[in-house]
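Biologist: I'd like to go through this one term by term. Can you back up each label with its cut-off?

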Amino acid sequence: MPRNITSVWVLLASITLGSRPANVAAAPICANGQARCRVVSLANLFDRVIQHSARMHGISNDLHSEFEQYFVPSRNHIGRVSRNCHTSALLTPNGKENAQRIAREELTEVILKLLLAWRDPLWHFHQITAHQHDLANFSSDKALEMSDMVHELRKGVEKVAQKMQTLGMISNSVSALSSPEDLLPSESGEWRLMKDHELLYCFRRDSDKIQNYLKILKCRIVPEHGC
Amino acid sequence: MRNVLELTWLLLLVVTSHAKGLSPPGKPTLTSCRSPEKETFTCWWQPGSDGGLPTTYALYYGKESSDFVYECPDYFTGGENSCFFNKNNTSIWVNYNITVVATNRLGSNFSDPVDVDVVYIVQPNPPENVSLSIMEDKGWPFLRVTWAPPRKADTRSGWITLIYELRIRSEGENEWETHVAGQQKLFNIFSLRSGGLNLVQVRCKPDHGFWSEWSSTSQIRFPDYFHREKSAWIVITAVCALIFLIITWLLHMNSRSLKHCLLPPVPGPKIKGFDQQLLKKGKSEDIFSALAMSEFPPMSSSSNRDDLLVEYLEVHIPEELEAMLEASKDLDSADGGFKSESSTSDSDSGRGSCDSRTLLMEKCGRPKEHEDSTGEAEPEDWEVARVDAGGRTWPSVFTGPSHLLRPSEGQVCKQIKARSDVNISAPGHKQSPARWSVEYVGVQTVVEDDVVLLQPWSGRDGCPPPPTFHERDYSQVKRVGSDDTLLLLQKLPAGTADGREGRSCDTSQKSATCMHSTAPMSGYIDTAAVFPMATY
């Protein structure tokens, strides 16, 4: 009897886990040259990624607003955020012209670098919030979700980049795909010095950057789909 | 020395400024900063008090990443008390620290610093080119609203993503109906209101930013063919109401006949004089008394007590003979019950009022005696004859022997006031009797063929005298003799005979007269009293 029950539980777990990717189609998406796979268009990929980044930005916005209640800005500070974000060293376009002027490959790299830069801090943040009992429960849930989404988004953007490279839209000079670990800034521990609210403030901004860059990239590569 | 001079100068300045009310400027405040397209932005401030001196304002900002302080590049484009940052000076995702300084001769004042990130202060312009059109979908009209993003916002490159919202209302309403359109630039409205003018407005908002102002109102008039559906319903409702009314009317009309069939009405009593109300009350005595009170026996419509009475007229002989003749005619007409006797009217026999049973019974009871009633009887007769009916008197009339000879008339026992129609042609009539009197006259004997002995008899025995003589038809009274004699004319069956005078024999009774008949005339004889009537 217990064997049957465990087998049933495994079956249920597999079913639920299998349905997590939220892919509607029955056939799997062609990823590695499989047979009988469904080809997803680039525009569709972009839409998915953009949707994902929008949701990520929403969660970060909520968390930041929530932390604003607990953090009382000190009048002594000239400006609330005196410290730079750890990703400020990354050269990111700060305007529309800049974003349109740089190459697609650079833009893709920037996106990937940003996503990579936030992988560890968010995980760390989740660990902190999970252990802090004075915070609301849903904060730790959101932190976890945020961390997961960053990870998934990075995977998705990598897929998009690969697709673009396959389609010849971008060259193969995206270095982020080859050696992602080299993209990490040297002062990788700088983010540990940030306080929670500063971390959230910086992440909120960066998630907006990611979303915006993805939209620009999409309208540069596949402009006929909703641009 | 110089320091003393400077200090003195400053003191003077302060003293003079205080004396005049001058002061350093008040603290300005930054009211808002806005970016219409996430490429440029403008900040506005509110100046404080100027302290009575000309004050200048300056805006200084510092970026997040550097410690450099820059001054506002453009104070004019945004209007008064504003600072405009063009594209070159605008960095997105960079924290600006902005401060405004007010400066006058006496000093300066700093405003509170404000942190601005352009991404979060985006407020676009309203959408443009809002167009409305009415389209049809399988016969059902709907409204299609289309618009364009604001000119400055660059949505084509994906730099800005705008979501739209529109609202619609009818001309007469106050409340708007809001619809969220998302990122699309087209919207269909199916919940169209009734015909009339409709107003539509659209606005937009970036991902995180502020809603724009509502666009200018676009108007469109809905066609009236929506009423076609309403009018169809109205027609259907009217037809149903008409059918319902017809059915109701038919039921109402048939209800009476149905009621008649099922519940026939009870016929009411038709007894004349029957009071239904009394019957309902249940008092039988009242009912019957009511019946009794009514006329019984039913008379003619012109039933009148007066009709039963005989009119009486005063008669004067002979001058009033004509009046009598006239009156006799009235009696004939009035005396309906006795028309049979007096139908051949212009004789002088007719039933008087005493013939009527119901009336004057008490007055007509007395017989009259001739011998002693000459003077008294006459007034009595006259009294009797007199019927007080409406004050009209009527000539006493006298019964003729023809009446007396008829036993069928039971009233001969009484004194009868018969109408006399005396046609007396008496050239030699010298009598001037005042009146007639009433009495019975009977034929006593027949002396000759043409001579009749009359005698009155008293009605005491109440019986007519047995006829001891042959009945003879007598004609008119020829003349009245001076000695109270009556000249009767016998009626001859054939032809006319010469009236022969017959002497009337005096009898013991004064009233008896013997007369001789003369040539008869047609008609009958009414005997008249021969006694002079007492005047009274």
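Modeller: Sure, let's start with A:K96, which is found in helix α3 of chain A. Bear in mind that this is a predicted model: local features need pLDDT of at least 70, side-chain atom pairs count only at pLDDT 80 or more, and totals for chains, interfaces and linings use all residues. As for bookkeeping, residues are numbered from 1 along each chain as its sequence is written, chains are lettered from A and ligands numbered from 1 in the order in which they are written, and side-chain values use heavy atoms, with hydrogens and water left out.

Biologist: What makes α3 of chain A a helix in your book?

Modeller: Helices are DSSP runs of H or I with at least four residues, strands are runs of E with at least two, and both are numbered from the N terminus.

Biologist: Why is A:K96 called buried?

Modeller: Its relative accessible area is 11%. Buried means under 20%, exposed over 50% and partly exposed in between, with a 1.4 Å probe and protein chains only. At 11%, A:K96 therefore counts as buried.

Biologist: And which residues is A:K96 in contact with, leaving aside its neighbours within four places in sequence?

Modeller: A:K96 is in contact with B:E39, B:D154, B:S157 and B:W159. Contact here means heavy atoms within 4.5 Å.

Biologist: Next one: how do you know that A:M146 is buried?

Modeller: A:M146 has 0% relative accessibility, so the label buried applies. This residue lies in helix α6 (residues 137-167) of chain A. Once its neighbours within four places in sequence are set aside, its contacts are A:I59, A:S60, A:L63, A:L122, A:L200 and A:F203.

Biologist: Moving on to helix pairs, how do you describe two packed helices?

Modeller: You give the angle between their axes and the distance between the axes. The axes are lines fitted to C-alpha atoms, for helices over the stretch in contact, and angles run from 0 to 180 degrees between N-to-C directions. For α2 (residues 42-70) and α8 (residues 196-221) of chain A, that's an angle of about 160° with the axes 9 Å apart.

Biologist: What makes α2(A) and α8(A) roughly antiparallel?

Modeller: Angles under 35 degrees count as roughly parallel, over 145 as roughly antiparallel, 65 to 115 as roughly perpendicular and the rest as oblique. The pair packs at about 160°, so α2(A) and α8(A) are roughly antiparallel to each other. The residues of this contact divide into 15 nonpolar, 8 polar and 6 charged. In that count Ala, Val, Leu, Ile, Met, Phe, Trp, Tyr, Cys and Pro are nonpolar, Asp, Glu, Lys and Arg are charged, and the others, Gly among them, are polar.

Biologist: Which way does α2(A) cross α8(A), left-handed or right-handed?

Modeller: α2(A) makes a left-handed crossing with α8(A). That means the near helix is turned anticlockwise from the far one by less than a right angle; clockwise would be right-handed.

Biologist: Why are α4(A) and α8(A) called roughly antiparallel?

Modeller: Helix α4 (residues 104-117) of chain A packs against α8(A) at about 155°, axes 10 Å apart. With that angle, α4(A) and α8(A) are therefore roughly antiparallel. Their crossing is left-handed. The α4(A) residues that meet α8(A) include A:L107, A:I111 and A:L114. By class, this contact has 11 nonpolar, 1 polar and 4 charged residues.

Biologist: How many disulfides turn up in the whole structure?

Modeller: The search finds 4 over all chains. A disulfide is a pair of cysteine sulfur atoms within 2.5 Å.

Biologist: What makes A:C85 and A:C202 a disulfide?

Modeller: Their sulfur atoms are 1.7 Å apart. The torsion about the S-S bond is about -85°, so this disulfide is left-handed. The pair links distant parts of the chain, 117 residues apart: A:C85 in the loop between α2 and α3 (96-101), A:C202 in helix α8. A:C85 counts as buried at 3% relative accessibility, and A:C202 is buried too, at 1%.

Biologist: And why is the link of B:C72 and B:C83 called right-handed?

Modeller: The torsion about its S-S bond is about 115°, so the disulfide is right-handed. The sulfur atoms of B:C72 and B:C83 sit 1.7 Å apart.

Biologist: Last one: why is B:C240 called partly exposed?

Modeller: B:C240 has a relative accessible area of 46%, so the in-between label fits. B:C204, at 0%, is buried.
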